[in-house]
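Student: I would like to learn how to read a structure of this kind, going feature by feature. Could we begin by putting it in front of us?

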Amino acid sequence: MRGTDSLQKIVERHLCMGCGACAAARPDLVAMVDTQRYGRRPLLKAGADPSATRSLVKICPGREIHFAPARHYDEAAWGPVLEVWEGHALDPELRFRGSSGGVVSALALHGIESAAVAGVVQVTARHDQPLLNETVISRSRADVLAASASRYSPASPCEKLADVRADGRQHIFVGKPCDVAGAQRLMHADDRLRNSIALTVSIFCAGTPSQAATRELIRALGIDDDAQIEEVRYRGRGWPGRMAVRYRSTAEAIPEIESMTYEQGWGEILQKHTQWRCRMCADHVGEHADLSVGDPWYRPLGEHEAGESLIVVRTERGRRALSAAVEAGYLSLQRRSIATLAASQPNLERTKGAVFGRCLTARAIGVAAPLYRGGALHRVWWRALSPVAKVQSLIGTAKRIFRKRILLPERALDLAADGES
Ligand SMILES: Cc1cc2nc3c(=O)[nH]c(=O)nc-3n(C[C@H](O)[C@H](O)[C@H](O)COP(=O)(O)OP(=O)(O)OC[C@H]3O[C@@H](n4cnc5c(N)ncnc54)[C@H](O)[C@@H]3O)c2cc1C
């Protein structure tokens with residue numbers, strides 16, 4: 001793709017989604033940093049030669065993604081699907097603390113406790129700065145509990161794959177669809193890493209809100225000073241759980257908690273701040289993973305209902321890992337069909353279709369759009385979108401490009417160099 005032949009240009013042209021694959025491929029050259037406005041971005045280390053990053057372009061999932069060929073409409077809309085299940089962790093604390101039914105955490109814990117893997121790559125809140133995230137390698141139940149529940153803010157799980165490669169033992173990788181796509185591209189280019197990943201698990205993702213979104217959430221809850229904050233929670237401790245901030249008004253004070261519903265927090269604040277690249281994303285359901293996990297939103301939730309997750313089995317390796325976790329007593333599952341998946345996430349199906357129109361408009365105006373090979377996006381655009389939504393995917397994108405000034409280069413790297421961290 002012309003105009004995106006270096007990391008710098010990928011970032012400037014709004015294609016970076018912050019997965020950290022480039023930093024894992026060359027940790028000597030690139031580090032991931034937090035920027036307020038955009039999310040996590042790759043920063044060239046001092047003294048690194050920018051031309052040395054050209055080879056990293058090939059592993060960037062922001063620039064290019066290859067989908068498995070779609071043999072029929074369901075595969076075009078949802079990617080490879082071998083089985084669909086609904087269920088929950090049998091460990092009540094994992095189920096309660098997890099975003100949905102704690103299934104991702106239960107798979108992680110089963111991997112560790114059965115000694116099938118040496119660790120699990122996961123995202124958790126930073127201890128020193130609870131508004132930010134870090135990627136960790138969990139090795140115990142306490143680690144898995146600490147990393148449970150979704151963080152609706154920027155995270156770069158792929159960057160930890162440099163440690164996994166150096167370790168050489170088997171690991172599970174957990175991430176968003178873009179993270180798993182980045183991990184797959186890295187594994188494709190690196191046999192040692194491929195042999196070190198026993199399983200990839202993707203959470204569904206409608207888009208990552210920026211750090212600025214979390215700050216707006218906190219201000220909406222009436223907390224003015226970030227230094228008072230001890231914990232920010234977006235999901236979990238109930239299903240879907242409340243968006244909650246634990247803070248101390250003075251050093252001596254007992255911590256207080258302010259919260260709002262998940263619907264308010266996501267609908268009124270966070271989703272307004274998803275990064276541009278997420279609007280151009282054609283994979284919200286983890287099509288490149290062995291297993292992908294989301295919410296079974298196909299039915300209204302009862303009051304105080306315990307959490308359930310929806311699980312899509314995409315590979316034989318995923319099928320084996322899921323059934324081993326069930327047999328070992330970590331998960332309780334019930335078989336569902338692809339119709340349950342479609343009824344649970346109709347918005348994600350429509351978004352995938354809309355991305356076909358969005359990419360057409362972006363290219364026509366001169367904005368870089370991700371290259372999607374295979375997958376038959378056009379079929380989803382044609383079938384899942386009403387005539388009005390089709391037009392909207394074209395005209396709405398043009399308006400958004402000008403309103404959000406996407407023709408101007410993203411200056412995340414300059415901001416980072418100016419001291420954001
Ligand atoms: C930004 C975002 C948008 C989402 N949008 C949707 C949606 O539209 N529809 C839907 O059904 N589900 C969505 N989810 C996923 C959903 O919130 C649950 O994660 C999913 O249902 C799995 O729940 P669980 O209880 O099985 O997982 P848990 O047991 O709670 O485990 C969650 C796992 O996700 C990891 N994780 C948390 N935050 C991040 C992050 N930012 N980046 C990478 N890894 C992370 C954790 O480390 C943990 O391993 C979204 C999640 C995020 C972070």
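**Reading the ligand shell and its surroundings**

Tutor: Just after α5, Ala 115 takes a positive phi of about 65°. Please keep in mind throughout that this is a predicted model.

Student: Where else is a positive phi found, and which helix does that residue follow?

Tutor: Gly 222, which follows α10, also has a positive phi, in its case near 90°.

Student: Let us go back to α5: how many of its eleven residues are buried?

Tutor: A residue counts as buried when its relative accessible area is under 20%. Ten of the eleven residues of α5 meet that condition, so the helix is largely enclosed by the rest of the structure. The buried residues are Val 103, Val 104, Ser 105, Ala 106, Leu 107, Ala 108, Leu 109, His 110, Gly 111 and Ile 112.

Student: And how should I read the burial of α10, that is, which of its residues are buried?

Tutor: In helix α10, which spans residues 211-220, the buried residues are Gln 211, Ala 213, Thr 214, Leu 217 and Ile 218. Seen down the helix axis, these buried residues of α10 fall within an arc of 155°, so they line one face of the helix.

Student: What do the buried residues of α10 pack against?

Tutor: They pack against the strands β1 (30-35), β9 (229-233), β10 (243-247) and β11 (256-260), and also against the helix α11 (262-269).

Student: Now for the ligand: how many residues surround it, and which are the closest?

Tutor: A shell is read by listing the residues that have a heavy atom within 4 Å of the molecule. Here 33 residues surround the ligand, and the closest are Ser 100, Ser 105, Gln 122, Ser 150 and Asp 295. By class, this shell has 13 nonpolar, 15 polar and five charged residues.

Student: Which polar atoms of the protein lie opposite the oxygen atoms of the ligand at Val 103, Val 104 and Ser 309?

Tutor: For two of these residues the partner belongs to the backbone: a polar backbone atom of Val 103 is 3.0 Å from an oxygen atom of the ligand, and a polar backbone atom of Val 104 is 3.2 Å from an oxygen atom of the ligand. For Ser 309 the partner is an N or O atom in the side chain, 3.0 Å from an oxygen atom of the ligand. As for enclosure, the ligand taken alone exposes 920 Å², and the protein buries 99% of that.

Student: Which elements give two or more residues to the shell?

Tutor: They are α5 (103-113), β5 (119-125), β7 (171-175) and β12 (291-294). The largest share, three residues, comes from α5.

Student: Ser 100 was named among the closest residues; where is it placed, and is it buried or exposed?

Tutor: Ser 100 is in the loop between α4 (92-97) and α5, and it is buried, with a relative accessible area of 8%. To read the polar surroundings of such a residue, one looks at its side-chain partners: a polar contact of 2.6 Å joins the side chains of Ser 100 and Asp 295, while a polar contact of 3.4 Å joins the side chains of Ser 100 and Arg 235. Leaving aside neighbours within four places in sequence, the residues in contact with Ser 100 include Trp 239, Gly 307, Glu 308 and Ser 309.

Student: What does the side chain of Arg 235 reach on the backbone?

Tutor: Arg 235 is found in the loop between β9 and β10 and, at 2% relative accessibility, counts as buried. The side chain of Arg 235 reaches the backbone oxygen of Ser 99 at 2.9 Å, and a polar atom of that side chain lies 3.1 Å from the backbone oxygen of Pro 240. Leaving aside neighbours within four places in sequence, Arg 235 is also in contact with residues including Ala 149, Ser 150, Tyr 152 and Trp 297.

Student: For a last comparison, are Leu 43 and Leu 348 buried or partly exposed?

Tutor: Leu 43, in strand β2 (residues 39-44), is partly exposed, with a relative accessible area of 24%. Leu 348, in helix α15 (residues 346-365), is buried, with a relative accessible area of 6%. Not counting residues up to four places away in sequence, Leu 348 touches Phe 204, Ala 206, His 284 and Val 285.

Conventions. Residues are numbered from 1 along each chain as its sequence is written. This is a predicted model: local features need pLDDT of at least 70, side-chain atom pairs count only at pLDDT 80 or more; totals for chains, interfaces and linings use all residues. Side-chain values use heavy atoms; hydrogens and water are left out. A polar contact is a pair of N or O atoms within 3.5 Å; within protein, one must be able to donate a hydrogen and the other to accept it, and residues adjacent in sequence count only if both atoms are side-chain atoms. Accessible areas come from the Shrake-Rupley method with a 1.4 Å probe; for residues, only the protein chains shown count as cover. Helices (H or I, at least four residues) and strands (E, at least two) are DSSP runs, numbered from the N terminus. Ala, Val, Leu, Ile, Met, Phe, Trp, Tyr, Cys and Pro count as nonpolar, Asp, Glu, Lys and Arg as charged, and the others, Gly among them, as polar. Buried means under 20% relative accessible area, exposed over 50%, partly exposed in between (1.4 Å probe, protein chains only). The arc is that of the directions from the helix axis to the C-beta atoms. Contact means heavy atoms within 4.5 Å.
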